[in-house]
Amino acid sequence: MSARIQGGGSWLILAALALASGGALADGKAVFDKTCAACHTAGLLGAPKLGDGEAWAPRIKTGVEKLYASAINGKPPNMPAKGGASDLSDGDAKAAVDYMVAAAQKPPAKAEAKPSAPAPTAPVAATPAPPTTAEVNAFNRLLKPPSKRNLPPPEDGIHDPANDGTHILQPPLTAFDPLPRSTAGNRVNWVQALDGARIGPRWDLKDPAAAPVVMDLNIVREVKGSMPDVVYPHKQHTAWLDCSNCHPAIFVPQKGANQISMAAILLGQKCGVCHGKVAFPVSECRACHSKKKDFLPAKTAQQGGG
Ligand code: HEC
Ligand code: HEC
Ligand code: HEC
Ligand code: HEC
């Protein structure tokens, strides 16, 4: 058997093999890595970590059926149904639970232990090392150290250093210097920069006179639990974006018609299509969760992470 756990495309082969031979655990790992790892690797929002026997023991005691139900239907306030991936089948969600339960019941594998390829008949011989947090969160820039921010174009991993044009581009730090600062992302407060006319982006490449249709409409999304409610402002978005950037592909234009969750956002869907990539990152909880609740819920202790 030539399939090896090396990341990338080989998982597909492995998952296919495992499925064919009933190896649900290997399949469960693929589901976990794609949909559950965002929270269950680092313990985000109080999620029990993969391989953390202590955190899982009391949950496993409640019975695996209960855990399946939590995975499929969610567990308020922070565990979303199917980890936010509504297209996941019940079987896949259960396979991911089986994988997590198995990982919690094994002694943690040494980091340098070689992940051996599970034979189709005896899936998952060794506990595969959970993906590092850097991999999981790379997309939302939460963990970038100051020395890695706003690198000059030849070093940013986006532009080709072998191309002469790369070297004549203005380095971001020079370009950003006169702009209002923020504490996250690329450290520029773009909303203020635009409001204060410090920048004047052209709305249309061909028509220099074209201007955006700015719509001032706030949508408040009530959040269960103790987090403040989310205020989604159309004004600041339509100053940059066209209605069709969001409607209807990302959001149906009807208040409350869209299911939005932190899980989806962290996985790069809904607000996460932009936030963490081209707009301020998910670490800025208060920028979105900006509306205080009228009352304090009795249970405030449940908000573990953040
Ligand atoms: C947005 C973060 C997030 C994602 C993504 C996520 N979980 Fe969770 N999960 C949590 C949190 C938080 C808890 C702890 C819930 C609690 O006990 O209140 C949890 C708990 C669980 C539990 C234990 C439930 C119980 O009844 O004790 C299971 C099982 C579980 N998750 C499975 C999954 C599976 C399977 C996936 C992927 C398909 C997934 N989770 C994706 C946040 C997440
Ligand atoms: C950045 C994404 C984004 C852009 C751009 C955007 N919208 Fe929206 N829009 C939303 C979100 C999010 C909601 C709330 C949906 C929900 O609550 O489920 C919404 C809701 C709406 C609603 C429903 C309001 C109600 O009370 O039911 C209308 C109408 C709407 N948008 C029109 C527009 C128009 C017109 C434009 C362009 C001028 C536009 N939107 C641009 C994200 C966007
Ligand atoms: C880009 C905007 C944005 C940022 C930044 C953001 N959230 Fe959210 N959050 C949302 C939206 C939208 C919802 C969905 C509200 C709803 O139910 O309609 C949500 C929901 C939640 C919920 C309710 C449970 C769930 O998963 O849906 C919790 C808890 C939460 N956020 C915590 C946080 C924490 C902690 C942070 C900071 C680490 C954060 N959020 C940052 C937009 C954001
Ligand atoms: C199509 C891209 C896109 C989507 C989708 C999107 N945003 Fe934004 N958002 C932006 C951009 C661009 C800005 C302005 C740049 C910045 O602040 O980083 C912005 C700014 C904001 C601001 C800052 C307003 C201010 O006054 O500083 C808030 C709050 C916000 N978004 C919340 C949300 C929430 C909540 C959602 C999901 C319901 C969402 N956004 C979805 C692109 C998007």
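Let's start at ligand 4, where a polar side-chain atom of His-237 sits 2.7 Å from a nitrogen atom of the ligand. That pair is a polar contact (two N or O atoms within 3.5 Å; inside protein, one must be able to donate a hydrogen and the other to accept it, and residues adjacent in sequence count only if both atoms are side-chain atoms). Before going on, note that this is a predicted model, where local features need pLDDT of at least 70 and side-chain atom pairs count only at pLDDT 80 or more, while totals for chains, interfaces and linings use all residues. Residues are numbered from 1 along each chain as its sequence is written, chains are lettered from A and ligands numbered from 1 in the order in which they are written, and side-chain values use heavy atoms, with hydrogens and water left out.

Ligand 4 has other partners too. The side chain of His-275 puts an N or O atom 2.8 Å from a nitrogen atom of ligand 4, and a polar backbone atom of Phe-280 is 2.9 Å from an oxygen atom of ligand 4. His-237, His-275 and Phe-280 are among the residues that come nearest, together with Cys-271 and Cys-274, out of 19 around the ligand; to be around it, a residue needs a heavy atom within 4 Å. In this shell, 15 residues are nonpolar, three polar and one charged. Here Ala, Val, Leu, Ile, Met, Phe, Trp, Tyr, Cys and Pro count as nonpolar, Asp, Glu, Lys and Arg as charged, and the others, Gly among them, as polar. Strand β2 gives the largest share of the shell, three residues. Helices (H or I, at least four residues) and strands (E, at least two) are DSSP runs, numbered from the N terminus.

Now move to ligand 2. Which residues coordinate its iron atom? His-234 and His-247 do, each through NE2, at 1.9 to 2.0 Å. Donors are N, O and S atoms within 2.8 Å of the metal (3.2 Å for Na, K and Ca), and water is not among the atoms, so sites may look incomplete. The two histidines are 13 residues apart, with His-234 in helix α10 and His-247 in the loop between α11 and α12. His-234 has 10% relative accessibility, so it counts as buried, whereas His-247, at 25%, counts as partly exposed. The cut-offs are under 20% relative accessible area for buried, over 50% for exposed and in between for partly exposed (1.4 Å probe, protein chains only).

The iron site of ligand 2 is octahedral, with angles of 85 to 179° among its six donor atoms. Six donors earn that label if opposite ones are over 155 degrees apart and all others between 65 and 115. Ideal angles for six octahedral donors are 90 or 180 degrees. Around ligand 2, the shell divides into 11 nonpolar, seven polar and three charged residues, and helix α10 provides its largest share, three residues.

Last stop: ligand 3. Its iron atom is held by a mixed pair, Met-262 (SD) and His-289 (NE2), at 2.0 to 2.2 Å. Met-262 belongs to helix α12 and His-289 to the segment after α13, 27 residues apart. Buried or partly exposed, where does Met-262 fall? Met-262 is partly exposed, at 30% relative accessible area, while His-289 is buried, at 9%. This site is octahedral as well, its six donor atoms making angles of 86 to 179°.

Conventions: Four donors count as tetrahedral if all angles lie between 85 and 135 degrees; four count as square planar and six as octahedral if opposite donors are over 155 degrees apart and all others between 65 and 115; anything else is irregular.
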